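Let's take a walk through this structure together. Have a look at the sequence and the 3D view first, and then we'll go from the whole down to the details.

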Amino acid sequence: MCLSFELGLDGCFVKLTTGQQILAATGRDGNNNIFPIAYGVVDKEDTASWMWFLTQLKYCIGEAGKFGSFNLISDR
């Protein structure tokens, strides 16, 4: 049996004078409810920030394997 998990990825502005952004990963449960998996605060939304965030996410949840595969969903 092969399972597949959806991970939604998005970034949003922090409404402060710092100009920082939040990068977030979300999932969906069996009732189609959205829940947070991870988030990170970065100076700006660029390739380096996303690479850092996705590397940290990979360390936390592991790679695809015995738990199935991951589908990443992004607005890009």
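Of the 76 residues in this protein, 20% count as buried. Keep in mind as we go that this is a predicted model. The accessible surface adds up to about 6000 Å², and carbon and sulfur atoms account for 57% of that area.

What is the protein built from? There are four strands and one helix, and if you read along the sequence they come in the order β-β-β-α-β. Contacts also reach across the sequence: take those between residues at least 6 apart, and 39% of them join residues at least 24 apart.

For a concrete pair of residues, start at the loop between β1 (4–13) and β2 (21–28), where you'll find Gly-19. How far is Gly-19 from Asp-43 in space? Along the chain they are 24 residues apart, yet their C-alpha atoms are separated by 6.9 Å. As for its surroundings, Gly-19 is partly exposed, because its relative accessible area of 42% falls between the 20% limit for buried and the 50% limit for exposed.

Now move on to the helix, α1, which runs over residues 47–61. Does its length fit what you'd expect, or what span should 15 residues have? At 1.5 Å a residue the answer is 21 Å, and the C-alpha atoms at the two ends are indeed 21 Å apart, so the two agree.

Which residues of α1 are buried? They are Ser-49, Trp-50, Phe-53 and Leu-57. Look down the helix axis and you'll see these buried residues fall within an arc of 95°, so they line one face of α1. There's a simple bit of geometry to remember here: an α-helix has 3.6 residues a turn, so residues three or four places apart point the same way. Turn to the face of α1 that points away from the buried side, and you meet the exposed residues Thr-47, Ala-48, Met-51 and Tyr-59. Just past the end of α1 comes Gly-62, with a positive phi of about 85°.

One last stop is on the surface. Phe-35, Ile-37 and Ile-61 together make a nonpolar patch of about 210 Å². Within that trio, Ile-37 has its place in strand β3 (residues 34–42). Is Ile-37 buried, exposed or partly exposed? Its relative accessible area is 33%, so Ile-37 counts as partly exposed.

Note on methods
Residues numbered from 1 in each chain as written. Predicted model: local features only at pLDDT ≥ 70, side-chain atom pairs only at ≥ 80, totals over all residues. Heavy atoms only, no water. Expected span 1.5 Å × (residues − 1). Buried < 20%, exposed > 50% of the residue type's maximum accessible area, 1.4 Å probe, protein only. Arc of directions from axis to C-beta. Patch = residues over 30% accessible without salt bridge, like charges linked within 9 Å, V, L, I, M, F, W, Y side chains within 5 Å. Areas by Shrake-Rupley, 256 points an atom, 1.4 Å probe, with all protein chains shown as cover. Salt bridge = Lys/Arg side-chain N within 4 Å of Asp/Glu carboxyl O. Contact = heavy atoms within 4.5 Å.
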